[in-house]
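Here is a walk through one protein chain, starting from a single side chain and working outwards. Keep the 3D view open as you read.

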Amino acid sequence: SQDTVLVVEKDGGDDRFKLLHVGVPRKMNLPADIDKKGEAFVYLPPETLQGDHQYDCGSDMYSLGLMMWELWYHKKAFEDAKQQSLHAFLGIQHESRPNTSEPGPSNGMSEEVGTMWRNMIDRCLVLSRDERNVSPPEVIELLESF
């Protein structure tokens, strides 16, 4: 999630992203108060919110996809759904994942790079954990190719 990412600005150099907190894969325990707002869980993948698996690297890829989408489109993911109950948020998450069909702003990148970026977002945001076939080395390789 965004609370585990730090942006380091370098004078005269490229900004860098660093992970602040790397946790041990674990199963998420949802709060007893199921009416908790979805805002607290925006960056967690559906399977984690449903509590049926251990949060792991594949889960991180979903979260990364949401952050990449936000960076590309200059919007917050699920902004209109954050105040919904967790149960309602899960339904919205399944019905309306962030859309990459529009090119969005170029962000100073070529159309080809934009297409590769959006394709990676799509791979990260696959809702089914079993079908989300993207790994950190693949994302790193893509980002380093820019």
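Let's start with Val139, which has a relative accessibility of 3% and so counts as buried, the cut-off being under 20%. This is a predicted model, so read everything below as computed from predicted coordinates. Val139 sits in helix α5. Leaving aside residues up to four places away in sequence, Val139 touches Met61, Leu64, Met120, Cys124 and Val134. Arg123 is 16 residues from Val139 in sequence, and their C-alpha atoms are 10.0 Å apart.

**Where α5 meets α2**

Two of those neighbours, Met61 and Leu64, take part in the contact between α2 and α5. How do α2 and α5 pack, in angle and axis distance? The angle between α2 and α5 (residues 136-144) is about 30°, and their axes lie 10 Å apart. Angles under 35 degrees count as roughly parallel, so that label fits α2 and α5. On the α2 side the contact uses Cys57, Met61, Leu64 and Met68, while α5 brings Pro136, Val139 and Leu143. Sorted by class, this contact has seven nonpolar residues, no polar ones and no charged ones.

A bit of helix geometry helps when you look at that list. An α-helix has 3.6 residues a turn, so residues three or four places apart point the same way. With that in mind, look again at Cys57, Met61, Leu64 and Met68 of α2, which are in the contact with α5.

**A closer look at α2**

Is α2 mostly covered or mostly open? Mostly covered: twelve of the 17 residues of α2 are buried. Among them are Met61, Leu66, Met67, Met68, Trp69 and Trp72, along with Gly65 and Glu70. Met61 and Met68 are thus on the buried list and also in the contact with α5.

The length of α2 checks out too. At 1.5 Å a residue, its 17 residues should span 24 Å, and the end C-alpha atoms are indeed 24 Å apart, so the two values agree.

Ser63 is another α2 residue, and at 2% relative accessibility Ser63 counts as buried. The C-alpha atoms of Ser63 and Pro45 are separated by 6.8 Å, although the two residues are 18 apart along the chain.

**Past the end of α2**

After α2 comes His74, with a positive phi near 60°. His74 belongs to the loop between α2 and α3. Phe78 lies in that loop as well, and its phi is also positive, near 55°, in a residue other than glycine. Is His74 buried or exposed? His74 is exposed, with a relative accessible area of 56%, whereas Phe78 is buried at 9%. Lys76, also in the loop between α2 (57-73) and α3 (86-95), is partly exposed at 40% relative accessibility. Lys76 and Pro98 are 22 residues apart along the chain, with 9.5 Å between their C-alpha atoms.

Here are the residues with their relative accessible areas:

| Residue | Relative accessible area | Class |
|---|---|---|
| Val42 | 1% | buried |
| Ser63 | 2% | buried |
| Val139 | 3% | buried |
| Phe78 | 9% | buried |
| Lys76 | 40% | partly exposed |
| His74 | 56% | exposed |

**Val42 and its neighbours**

Val42 is in the loop between β3 (26-27) and α1 (46-49). What does Val42 touch, not counting residues up to four places away in sequence? The contacts are Leu66, Ala77, Phe78, Lys82, Phe89 and Gln93. Among these partners, Leu66 is one of the buried residues of α2, and Phe78 is the buried loop residue with the positive phi. Leu86 is 44 residues from Val42 in sequence, with their C-alpha atoms 9.6 Å apart.

**The whole chain**

Zooming out, the protein chain has five helices and four strands. Along the sequence they run β-β-β-α-β-α-α-α-α. Of its 146 residues, 34% count as buried. The accessible surface of the chain comes to about 9,000 Å², with 50% of that belonging to carbon and sulfur atoms. As for contacts between residues at least 6 apart in sequence, 61% join residues at least 24 apart. The contact between Val42 and Phe89 is one to look up in the 3D view.

Terms used
Residues numbered from 1 in each chain as written. Predicted model: local features only at pLDDT ≥ 70, side-chain atom pairs only at ≥ 80, totals over all residues. Heavy atoms only, no water. Helix = DSSP H or I, 4+ residues; strand = E, 2+ residues; numbered from the N terminus. Buried < 20%, exposed > 50% of the residue type's maximum accessible area, 1.4 Å probe, protein only. Expected span 1.5 Å × (residues − 1). Contact = heavy atoms within 4.5 Å. Areas by Shrake-Rupley, 256 points an atom, 1.4 Å probe, with all protein chains shown as cover. Axes fitted to C-alpha atoms, helices over the stretch in contact; angles between N-to-C directions. Parallel < 35°, antiparallel > 145°, perpendicular 65-115°, else oblique. Nonpolar A, V, L, I, M, F, W, Y, C, P; charged D, E, K, R; others polar.
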